[in-house]
Amino acid sequence: GAIPRLKAQHLPSRHLGLVTAAEHPDALEAIERVGRAVEQHVDLDHLRRVASRAGALESSETVYPAADDPSLVRIGVLKDKAFSFYYPENLEALEAQGAQLVFISPLDDERLPTIDGLYAGGGFPEVHAAALSRNRSFRDSLRKRIEQGLPVWAECGGLMYLGEALIREGEHFPMVGVLPVTTEQMPRPQGHGYVEARVDADNPFLELGRELRGHEFHYSRLKNDDKTITTVLKLGRGHGVGRGCDGILAGNVVAVYTHLHALGEPHWAPGLVNAARGVMR
């Protein structure tokens, strides 16, 4: 069988790839329509017969490091239409370390709930910049908790949200304001590909000298070329925040453009959970 080019665009795309399921206006219906197209143009019974002749695959069980402290700790996770990029394994790794995940919406929640640490992941804050900026009560409550010492690991979209402002198409949108940077959305990618980094400064989460591998894909950049910002990662490959560095450090916040995978960096989840417990490196 062969799937023809469909006249209707059921899965629209934009910068960084497809429109996420969280933002798709009719995601389930779109999947059903694509499924019907496959059913009409592919001999599924024959495909199954061919597939059944394939040899068995060896299964591997995901194993996370054992938790040093089995007691529960509450880790907030920013998760809504603006923040939707998370590896499922990263969330599983946090739970394996004893974290109770608390999902939080900076778009809809009025204030930050009671948490011990925060994971501010990637997404599309630039698309929802106006709405994020309007929710001042949440921004204020988050800023207050961070100023009181809340440990935060922020990746890409989380970095943009924690800055002083986000600029899109010339318009400034105030953000949380705990990082001394302003990010600007550009028409072309500012960082795209694999990242190799080394932890070169003390921080709450990862030990000095640790080698990291991850990836970055972002259209934003730092508007201000402030050489006084403190960073914790030296890049051997990648762009990060610029000048061969990544990982802005502000109090107990580390904000990176680099996305890490918990199975590729097994010390990340224990580092975040231990910091939330007050066990700082």
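1. Cys245 is buried, with a relative accessible area of 14%, and in this predicted model it takes part in no disulfide, since the nearest cysteine sulfur, that of Cys156, lies 17 Å away. Cys156 is likewise counted as buried, at 8% relative accessibility. A disulfide would need the two sulfur atoms to be within 2.5 Å, and the sulfur of Cys156 is 17 Å from that of Cys245, its closest cysteine sulfur, which is too far for a bond. The structure as a whole holds zero disulfides.

2. Where do the side chains of strand E15 (residues 253-256) point, and are they buried or exposed? Val253 and Ala255 lie on one side of the strand, Val254 and Val256 lie on the other, and all of these residues are buried, so that both faces of E15 are covered. A reader who follows the strand in the structure can check this by looking at each face in turn.

3. Strand E15 has partners that run in opposite senses relative to it, and it is worth tracing each of them. Strand E6 (residues 152-155) runs parallel to E15 and is joined to it by four bridges, with Trp153 standing opposite Val254. Strand E14 (residues 245-250), on the other hand, pairs with E15 in the antiparallel sense over three bridges, and here Leu249 is the residue that stands opposite Val254. Val254 therefore faces Trp153 as well as Leu249 across the pairings, where a pairing is counted if at least two bridges are found between the strands.

4. The connection between E14 and E15 deserves a separate look. These strands form a hairpin with two residues between them, and Gly251 takes a positive phi near 65° in that hairpin.

5. Beyond E15 the chain enters a loop that leads to helix H7 (268-276), and Thr258 is found in this loop. Is Thr258 buried or exposed? Its relative accessibility is 5%, and because buried means under 20%, Thr258 counts as buried. The side chain of Thr258 makes a polar contact of 2.7 Å with the side chain of Asp246. Leaving aside residues up to four places away in sequence, Thr258 touches Glu155, Val195, Gly214, His215 and Asp246.

6. Turning to the aromatic rings, the count comes to six aromatic pairs. One of them is formed by Phe85 and Tyr87, which meet edge-to-face, with 5.3 Å from centre to centre and 65° between the planes. Both residues are partly exposed: Phe85 has a relative accessible area of 33%, and Tyr87 has one of 22%.

7. Another edge-to-face pair is that of Tyr86 and Tyr119, whose ring centres are 5.0 Å apart and whose planes are at 80° to each other. This pair links distant parts of the chain, as Tyr86 is in the loop between strand E3 (73-78) and helix H3 (88-96), whereas Tyr119 is in strand E5 (residues 117-120), 33 residues apart. Tyr86 is buried, with a relative accessible area of 10%, and Tyr119 is buried too, with a value of 1%. Tyr86 and Tyr119 also belong, together with Trp268, to one aromatic cluster.

Definitions and conventions
Residues are numbered from 1 along each chain as its sequence is written. This is a predicted model: local features need pLDDT of at least 70, side-chain atom pairs count only at pLDDT 80 or more; totals for chains, interfaces and linings use all residues. Side-chain values use heavy atoms; hydrogens and water are left out. Buried means under 20% relative accessible area, exposed over 50%, partly exposed in between (1.4 Å probe, protein chains only). A polar contact is a pair of N or O atoms within 3.5 Å; within protein, one must be able to donate a hydrogen and the other to accept it, and residues adjacent in sequence count only if both atoms are side-chain atoms. Contact means heavy atoms within 4.5 Å. Rings of Phe, Tyr and Trp (its six-membered ring) pair if their centres lie within 6.5 Å; planes under 30 degrees apart count as stacked, over 60 as edge-to-face and the rest as tilted.
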